[in-house]
Amino acid sequence: MARPKPCHEPLNSAFAKVSNMQEKYHPADIERAAQAHWQQTGAARAVEDPSRPKYYCLSMFPYPSGKLHMGHVRNYTIGDVLARFHKMLGFNVLQPMGWDAFGMPAENAAIQNKVPPAKWTYANIDYMRSQLQRLGFAIDWEREVATCSPAYYRWEQWLFTRLFEKGLIYKKLGTVNWDPVDQTVLANEQVIDGRGWRSGALVEKREIPMYYMKITAYAEELLADLDKLDGWPEQVRLMQKNWIGKSTGVRLAFPYELDGKADKLWVFTTRADTLMGVTFVAVAAEHPLAARAAQDNPALAAFIAECKKGGVAEADLATMEKKGMPTGLCVQHPLSGAPIPVWVGNYVLMSYGEGAVMAVPGHDERDFAFAQQYGLPIRQVIAVPGETFDATVWQPWYGDKTVGVCVNSGKYDGLDHAAAVDAIAADLAAKGLGEKKTQFRLRDWGISRQRYWGCPIPIVHCADCGDVPVPDAQLPVLLPENVEITGTGSPLARMPEFFETTCPKCGKPAKRETDTMDTFVESSWYFLRYACPDNDQAMLDARVNYWCQGGIDQYIGGIEHAILHLLYARFFTKLIRDLGLPGMAPLDEPFKRLLTQGMVVAPTFYREGADGKKCWINPADVDVSTDERGRPRGATLKADGLPVRIGGIETGCRSRRTTGSIPRP
RNA sequence: GCCGAGAUGGCGGAAUCGGUAGACGCAGCGGAUUCAAAAUCCGCCGCCGCAAGGCGUGAGGGUUCGAGUCCCUCUCUCGGCACCA
């Protein structure tokens, strides 16, 4: 690209007057005058101009939580410096700003302060906008978007109906955290040590119907296109690659007969070469086989009920104690025909893969630990020259598929991993009991939320016509703004004036969907809408082609969004490309360059209460004493002059968690 | 538990290829200037030691003439783990 000519703007007289070189810098005067000048001249206004090269500088939009924090200031300063630098180089710069305005904190504030979420959110937006303006960022405020405004979310609903009609959004059961006291679904964040954060009740897993976006249909392209993103940090690309988690393996079946009916239990494995070492299979508590076995086994029924306790967060499931119980049922080994006992495992999830796993204790570390705990057989079926297998102690080579060959596996003895997988897959295929399969760790994206402050899902449930998308002419489905939030149940589900409607197809009385969408949906396309925020006839228009051509030039935001937000945004860009909106040039990837900033940290101070819990103290309330070399030696609370403990350098969220009164030492 | 990143003075951080560890800045200390202060300028500033010297890049091993840098093991911290945003 040819280097563009620099452009200079005349200063107006007010700015010129204060900007003359002075002894001291008076920010109140100089910045006010400079900002007034920029305002009058529309200095930050971005206008499409095909004759000039564009530079689209995007910062992740903030959640309007109340006030800007240091992380915002840092993030938007980086963006502003890049935007101004490129403007000085002569680029036609777009630096927009908006508000990721739906979400849980507004509902929490509503419960606490008895203020409707909409009112709270709009007040925060007004305040934070004024803070950004005082910071003097070169933002084109004419393009501001707030995701909670109907002008924005109507197009999200419009897109939903298109994707629903294409089958890219579908309905299936999903597992959620259920608070049995508050009778409400909880976010993972609201489950603390397996209990509801407000009620304190033990949380249960519950399966409910939800809408899912078929992101797995794009798994292959989302993975392959990571290679094109050479303007992204390597670590972020690697994290996304591992998250998508492409693996090749074998989907195979264990046949069984139950109640006089023949059936098959399907599992997926990347280690088909160890198939002859299977000594049991484990199914999820919700698996039909588990339910069937529990019918005449009260102890098993009690265990299954216990498995349903606790939340659904993967980190909790992965760290909890592995427990299991035999069902008393057996399935047949697909090759040897030997009986294989079926166990229920609390670590097997119905929503992952087939809801069942085959266990090879000899060559999988977790299966090994489980087998030892419950006295299940451990069989060696892989050998490495010079190494001795000992069924009482796990050794790393047991699970390493890059070394060793099959043993104790009959005709497969002597084959290495790849050859054994091929041979076993061929034999399974011949029997109709399996085939090679590519599998992704990535799961379809559940977007239904049983919450009020979000974008209503534009579906009408009709007894005769089923799930009917709301026709374009009836969009947007408006979210009522004056509601009372109690923290129990979903407010929309208690509002007949919202959900009572008629079927768009047959006209009979019908019920409107009361779930709202995951707020990640809004943040998956806002960067495209900045190009045409005023269009009330279409979601996007040709202005997107100008600003987003070749990708948004620079995206800046926190590393915490390295996977979910950035993957969803990439997914939406491809979805929108494939919808082929009129006048829109195809765009494969939204962000050409990505800059992920770290977390802002600061010194922390705390006291320990009688119960041993740390109570974090605002650094502004602390006096720090130092020695003659400037090293901190002690700290006291200004209010009582008594010592507080120095907690080191940490992220701001520590002090945010401060609750209750500060204990005396 | 799994994936990713990291650990260097009181603090933020340099050291691009394996070659003088701590550039630059902040804080601190000393001095100049000043009636005094602020501001400014000059100097000192890893730890122990009067010094000579010794020690030192999260811990422990290893490779090398030489390791902050490469290899192995471990510890801790941070981000994410699909309903926080």
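This report describes the predicted model of chain A, from its overall make-up to selected strands and buried residues.

## Overall make-up and confidence

Chain A has 665 residues, of which 48% count as buried, and its secondary structure comprises 19 helices and 32 strands. Among the contacts in chain A with a separation of 6 or more, 71% are made between residues 24 or more positions apart. The accessible surface of the chain amounts to about 32200 Å², and carbon and sulfur atoms account for 54% of that area.

The mean pLDDT of chain A is 89, with 89% of the residues reaching 70 or more. Over residues 1-22, however, the pLDDT is below 50, although this stretch has 27 contacts in the model beyond near neighbours in sequence. Residues 652-661 likewise have a pLDDT below 50, and this stretch has nine contacts beyond near neighbours in sequence. Where pLDDT is low, the predicted coordinates should not be read in detail. For the complex, the predictor gives an ipTM of 0.88 and a pTM of 0.90.

## Strand pairing around E5

Strand E5 (residues 169-179) runs antiparallel to strand E9 (residues 204-213), and ten bridges join the two; in this pairing, lysine 172 has methionine 210 of E9 as its bridge partner. E5 also runs antiparallel to strand E6 (residues 184-186), to which three bridges join it, and here tryptophan 178 is partnered by valine 185 of E6. The hairpin of E5 and E6 has four residues between the strands, and within this hairpin glutamine 183 takes a positive phi near 55 degrees.

## The sheet E13-E14-E12-E15

Four strands, in the order E13-E14-E12-E15, form an open sheet with mixed pairing. Its edge strands are E13 (324-332) and E15 (356-359), each of which pairs on one side only. On average, and with direction ignored, neighbouring strands of this sheet are turned by 30 degrees against each other.

Within the sheet, E13 and strand E14 (residues 339-345) run antiparallel and are joined by six bridges, one of the pairs being cysteine 330 with proline 341 in E14. Helix H10 (residues 298-307) packs on the sheet and touches both E13 and E14, its direction making about 115 degrees with that of E13.

## Buried residues and their surroundings

The table gathers four buried residues.

| Residue | Place | Relative accessible area |
|---|---|---|
| Serine 59 | strand E1 (residues 54-59) | 3% |
| Glutamine 554 | strand E26 (residues 554-558) | 4% |
| Aspartate 225 | loop between helix H7 (219-224) and helix H8 (234-244) | 7% |
| Methionine 276 | loop between strand E11 (261-269) and strand E12 (280-283) | 15% |

Serine 59 counts as buried because its relative accessible area is 3%, under the cut-off of 20%. Leaving aside neighbours within four places in sequence, serine 59 is in contact with Asn75, Tyr76, Gly79, Tyr526, Tyr555 and Ile556. With asparagine 75 there is also a polar contact of 3.5 Å, formed between the side chains of the two residues.

Glutamine 554, which lies in strand E26, touches Tyr55, Tyr56, Cys57, Leu58, Leu82, Arg593, Leu594 and Leu595 when residues up to four places away in sequence are not counted.

Which residues, beyond those up to four places away in sequence, does aspartate 225 touch? They are Arg570, Lys574, Asp588 and Glu589. With lysine 574, aspartate 225 shares a polar contact of 2.5 Å between the side chains. Aspartate 225 and aspartate 588 are 363 residues apart in sequence, while their C-alpha atoms are 8.4 Å apart in space.

Methionine 276 sits in the loop that leads from strand E11 (261-269) to strand E12 (280-283), and E12 is one of the four strands of the open sheet described above. Apart from neighbours within four places in sequence, methionine 276 is in contact with His333, Leu335, Ser336, Arg379, Val381, Asn408, Ser409 and Tyr412. Between methionine 276 and alanine 493, by contrast, the C-alpha to C-alpha distance is 52 Å, with 217 residues separating the two in sequence.

Technical notes. Residues numbered from 1 in each chain as written. Chains lettered and ligands numbered in written order. Predicted model: local features only at pLDDT ≥ 70, side-chain atom pairs only at ≥ 80, totals over all residues. Heavy atoms only, no water. Buried < 20%, exposed > 50% of the residue type's maximum accessible area, 1.4 Å probe, protein only. Contact = heavy atoms within 4.5 Å. Areas by Shrake-Rupley, 256 points an atom, 1.4 Å probe, with all protein chains shown as cover. Pairing = 2+ DSSP bridges. Axes fitted to C-alpha atoms, helices over the stretch in contact; angles between N-to-C directions. Polar contact = N/O pair within 3.5 Å; in protein donor to acceptor, adjacent residues only side chain to side chain. pLDDT = per-residue confidence, 0-100.
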